[in-house]
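User: Please take a close look at the salt bridges in this structure. I would like their partners, their settings and their surroundings in one connected account.

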Amino acid sequence: MKRWPLPGVRAGASRAFEKRRSFACCSAMPEIVIVGAGPAGSTCAAELARAGREVLLVERAAFPRTKVCGEYLNAAAQRELDRGGLADAVGHLAQPIRGIALSAHGMKMIFDFASPAWSLPRSRFDALLLEHALGTGAKMQRGQVHDVRRSEAGFLIAFRDDSGLERILESEFLIGADGIGSVVARKLGHARSSQGGRFAIGGHFRGFERLDGRIEMYIGRKKYFAINPLPQEGEANVMLVMDREVMRAWSDDLQAHMARETRTLTANTRPIDSVELLGKRVAVGPLRQRTKTVADRGAFLVGDAAGFVDPFTGQGVALAMQTGRAAAAALSQPRAEARYRAVHRALFTERKRVGAFVGLLVKSPFLARLAARWLQTDERLRTFLIRKVSGI
Ligand SMILES: Cc1cc2nc3c(=O)[nH]c(=O)nc-3n(C[C@H](O)[C@H](O)[C@H](O)COP(=O)(O)OP(=O)(O)OC[C@H]3O[C@@H](n4cnc5c(N)ncnc54)[C@H](O)[C@@H]3O)c2cc1C
């Protein structure tokens, strides 16, 4: 490993760059560095490598790794997988999901899809996407990026590799695909501070009876609870998403509150303390990410790093793949940043609107009842809403 002396570090540069002037570095400087190998990063890497670009993914986790997620893949995600040539591989492993059974304010509504969606543990799904990107020619480096700044040639990216060694990479382009709380967005000054954000708690559970291939969603005040059937018989992904104040009020005994709440929300039909937790219970939050810009002078933000959509409508994975692909496509065209900003705005605004609209409908008992009545009688409206929520 050669030592790579840093060219003149300017005053005001971040501490990581000031502390040392020489770091162990990669022998070759990649043209494009992507931080994060989730769906956004891996999709972007595969597209760039396929186009013959030299791309290096820097990922902090050892794959396969888990990710807090409902693990539902909607029609838009399926479409993206199809474009990338991965639909058969994922479809073969996934659990078909025929629809959503929504319970809110004492009502139950069934929304069945025209063709099944999928669910698949993220450990398998993300590993498959990464494997595909590497097979296409992208390279990967394990490491936690902790600092980023602009240089004459493009960007300097400081990370700690899996043996604890401090290293710096230089690349012409930089793509932040590092999810909520993105280091790339923060260090380049593209993150926008924001308040609020929900919290999620859940995990994989075994021992569910009568799972019928639909996602069950139970809506309560300031919280919702989702059960998503997984490929193994009787197993499901369980997520309880709640406002910050609920999380705070429950902090004395999260497990007991979760058990009580799932009994209430499901009218005792799906108490979480009657099924077996597989592995660890996971909690994450606050779920928020806002940015001032998603592309500026060679830097691009994709997936959650560019902005977060509430998980209620399960659109995040599709959006991550779509924005990853869009950034890769923009990079081969003139005015790449402006082009990507426009595509991102269109995709993100649409997803955000759909999420906000559905969120509003189920929030108030009055609106939920009205919507239920409309949707039961108007087939076209029902199909339209299902298509919108599926991202197509
Ligand atoms: C509770 C919950 C439920 C959800 N349910 C669904 C659902 O059912 N369906 C759906 O479509 N979406 C769902 N989502 C949204 C979905 O999980 C995200 O939108 C999606 O994972 C975004 O992909 P990404 O590639 O942008 O980021 P991520 O999947 O978060 O990947 C980011 C990657 O970057 C790596 N990384 C982070 N920081 C660094 C660093 N400093 N250095 C190096 N590597 C780094 C991480 O290890 C990770 O591998 C849910 C989200 C939540 C929170």
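Analyst: The account below starts where the two domains meet, then turns to one helix and a further pair.

This is a predicted model, in which local features need pLDDT of at least 70, side-chain atom pairs count only at pLDDT 80 or more, and totals for chains, interfaces and linings use all residues. Residues are numbered from 1 along each chain as its sequence is written, and side-chain values use heavy atoms, with hydrogens and water left out.

A salt bridge here is a side-chain nitrogen of Lys or Arg within 4 Å of a carboxyl oxygen of Asp or Glu. By that rule the model has 23 salt bridges.

First, the domains. Domain 1 takes in 3-66, 123-194 and 289-356, and domain 2 covers 197-287. These bounds come from an automatic or database domain assignment. Their centres, taken over C-alpha atoms, are 31 Å apart. Five residues of domain 1 and six residues of domain 2 make the contact (heavy atoms within 4.5 Å). About 510 Å² is buried between the two domains, and carbon and sulfur atoms give 69% of that area. Buried area is the accessible area (1.4 Å probe) that two parts lose on being put together, summed over both.

One salt bridge crosses this interface. Arginine 198 pairs with aspartate 310, and their closest N and O atoms are 3.0 Å apart. The domain 1 side that touches domain 2 has four nonpolar, no polar and one charged residues. In this count Ala, Val, Leu, Ile, Met, Phe, Trp, Tyr, Cys and Pro are nonpolar, Asp, Glu, Lys and Arg are charged, and the others, Gly among them, are polar.

Arginine 198 has another partner. Aspartate 243 also forms a salt bridge with arginine 198, with the closest N and O atoms 3.0 Å apart. This pair links distant parts of the chain: aspartate 243 sits in the loop between β16 (235-242) and α7 (244-250), arginine 198 in strand β13 (residues 198-206), 45 residues apart. Helices (H or I, at least four residues) and strands (E, at least two) are DSSP runs, numbered from the N terminus. Aspartate 243 is buried at 19% relative accessible area, while arginine 198 is partly exposed at 25%. Buried means under 20%, exposed over 50%, and partly exposed in between (1.4 Å probe, protein chains only).

A network comes next. Shared partners join Glu47, Arg50, Glu80, Arg83 and Arg325 through salt bridges. Within it, arginine 83 pairs with glutamate 80, the closest N and O atoms being 3.9 Å apart. Both lie in helix α3, three residues apart, about one turn of the helix. An α-helix has 3.6 residues a turn, so residues three or four places apart point the same way. Burial separates the two partners. Arginine 83 counts as exposed because its relative accessibility is 56%; glutamate 80 counts as buried because its value is 6%.

Helix α3 spans residues 75-83, and its buried residues are Ala76, Ala77, Gln78, Glu80 and Leu81. Their cover includes β5 (72-73), α4 (87-93), β7 (107-119), α5 (122-136) and α9 (316-330). At the N-terminal end, asparagine 74 caps α3, with a side-chain oxygen 3.1 Å from the backbone nitrogen of alanine 76. Glycine 85 follows the helix, with a positive phi near 75°.

One further pair remains. Aspartate 161 forms a salt bridge with arginine 167, and the closest N and O atoms are 3.3 Å apart. Both of these residues are buried.

Methods: Polar contact = N/O pair within 3.5 Å; in protein donor to acceptor, adjacent residues only side chain to side chain.
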